[in-house]
Every structure is written in structure tokens, then in C-alpha cells.
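Dear colleague,

I am passing on the structure below, together with some notes on what came out of going through it. Please read the notes with the coordinates open beside you.

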Amino acid sequence: MPMYIRPLCPGDVPAVEEICLATAAEPLRGTRRRREGTLLLYSRCYTRTERDFCFVAVNEHDRPLGYILCAPELSRFRAAFAAVEGRALLRLGLRYWVQGRGAFALQKPFEAQYPAHLHIDLLPEAQGQGMGSQLMETLLQTLRRAGVPGVFLCVGADNARAVAFYQKHGFTVLRRLPGGICMGKRL
């Protein structure tokens with residue numbers, strides 16, 4: 001199936017949200033509240049504020065099958081997130097708000113060297129065809145051109161396939177946590 005990478009367009013946002021939920025772990029999408037929390041934490045602020053650093057992998061019919069979303073500057077992203085998504089998370093419940101704050105706390109010690117933060121997902125039908133690598137390389141080139149010094153991410157400790165993917169693209173382990181691994185790449 002032919003696929004290619006292109007910048008995110010406003011019309012792609014519903015498909016990105018569908019992909020975000022389809023690829024999330026079951027506990028993150030089991031109820032309406034959890035689905036909403038997942039979208040607030042992992043896609044909405046990126047697609048709302050960071051479109052210059054967001055790309056989609058699309059099929060020959062221009063249907064998104066995957067994406068990479070990135071905020072190039074944590075401090076700016078954190079403020080934008082708090083203004084909209086943080087409030088919505090608080091309405092869902094204190095637990096969601098704390099989870100959102102916790103994600104920023106993980107990156108804070110590494111912010112100077114790794115100010116960008118990314119999130120990537122591909123539907124199973126698009127995996128194993130090099131699209132994840134093309135998404136990653138497109139984003140890394142964009143970040144380099146923008147003068148961003150490094151990028152950060154967190155991945156589940158039990159997701160060996162994802163950890164290997166990130167290491168293949170030059171990410172190194174910055175911190176191991178119970179259940180998660182923080183990784184970074186200097187650009």
C-alpha cells in the first residue's frame with residue numbers, strides 16, 4: 001500500500017484522534033472519560049498549537065494512518081497546555097490533572113538539553129513498512145532546521161519494540177522509572 005508523509009492539516013485532527021485512541025492501551029480508552037483524558041494528554045494540545053511540528057503518514061487516498069506530533073519548546077507548550085487542556089483535565093477529575101502535570105515534571109530536569117517533546121503512533125496496518133522511520137526523520141529534520149537542540153519522550157518500560165525503534169533513531173535512555181523509560185536525542 002503506497003503511503004507518504006505530509007504536514008498535518010486541520011482536517012486531519014479527527015483522524016489523528018481516532019488513531020490516538022485506537023493505539024492507546026485499553027485502560028486509556030475504556031470509558032468516555034478515559035478516552036477524553038487520553039486525547040487531552042496525548043494529542044489535542046499538539047494539534048491545536050504546534051502544527052508546524054506535526055506530520056501524518058497517509059495512504060493513497062490521503063487517509064492518515066499514523067502521525068508524529070511534537071512541541072519544540074516545553075515551556076511554551078506547558079503554558080498552552082495549562083490554558084486549555086489542563087482545565088479540561090481538571091474537569092474530568094484531579095487524577096487526570098495530576099497525570100498531565102506529572103508528564104511535564106518528568107521532562108523538567110532535561111528541558112535545557114531536550115526542550116522538544118514528541119508523540120508518535122501508527123495503526124497496525126501501517127506498521128513494519130518504514131513509515132514510523134519516515135515520520136521520525138521528517139520531524140528530526142524539521143527540529144534541526146528550527147534550531148531545536150534536543151527532543152524528549154517517555155515510553156512504557158514493557159514496550160521493547162518502541163524502545164528499540166527509538167534507539168535505532170539515536171535516542172538514549174535518560175531515566176528509568178517504574179513502568180516507564182525517559183529517552184532523549186540531541187540534534
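What percentage of the 187 residues of the protein count as buried? In this model, which is a predicted one, 49% of them do. With 187 residues, a compact globule would be expected to have a radius of gyration near 16 Å, and because the protein has 15 Å, the two values agree. The C-alpha trace spans about 45 × 35 × 30 Å along its principal axes, and the accessible surface comes to about 9100 Å², of which carbon and sulfur atoms hold 54%.

As for the fold, the protein has 6 helices and 7 strands, which follow one another from the N terminus as β-α-α-β-β-α-α-β-α-β-α-β-β. Among the contacts with a separation of 6 or more, 71% are between residues 24 or more positions apart.

The element I would point you to is helix 3, residues 74-92, which spans only 24 Å between its end C-alpha atoms, whereas a straight helix of 19 residues would span 27 Å. Helix 3 also bends, by about 50° at Ala 82, and just after this helix Gly 93 takes a positive phi of about 145°. The buried residues of helix 3 are Leu 74, Phe 77, Ala 80, Phe 81, Glu 85, Gly 86, Ala 88, Leu 89 and Leu 92, and their cover includes helix 2 (32-49), strand 3 (64-71) and helix 4 (94-107).

With best regards

Conventions: Residues numbered from 1 in each chain as written. Predicted model: local features only at pLDDT ≥ 70, side-chain atom pairs only at ≥ 80, totals over all residues. Heavy atoms only, no water. Helix = DSSP H or I, 4+ residues; strand = E, 2+ residues; numbered from the N terminus. Expected span 1.5 Å × (residues − 1). Bend = angle between axes of the 7 residues up to and from the residue. Buried < 20%, exposed > 50% of the residue type's maximum accessible area, 1.4 Å probe, protein only. Contact = heavy atoms within 4.5 Å. Rg over C-alpha atoms; globule rule 2.2 N^0.38 Å. Areas by Shrake-Rupley, 256 points an atom, 1.4 Å probe, with all protein chains shown as cover.
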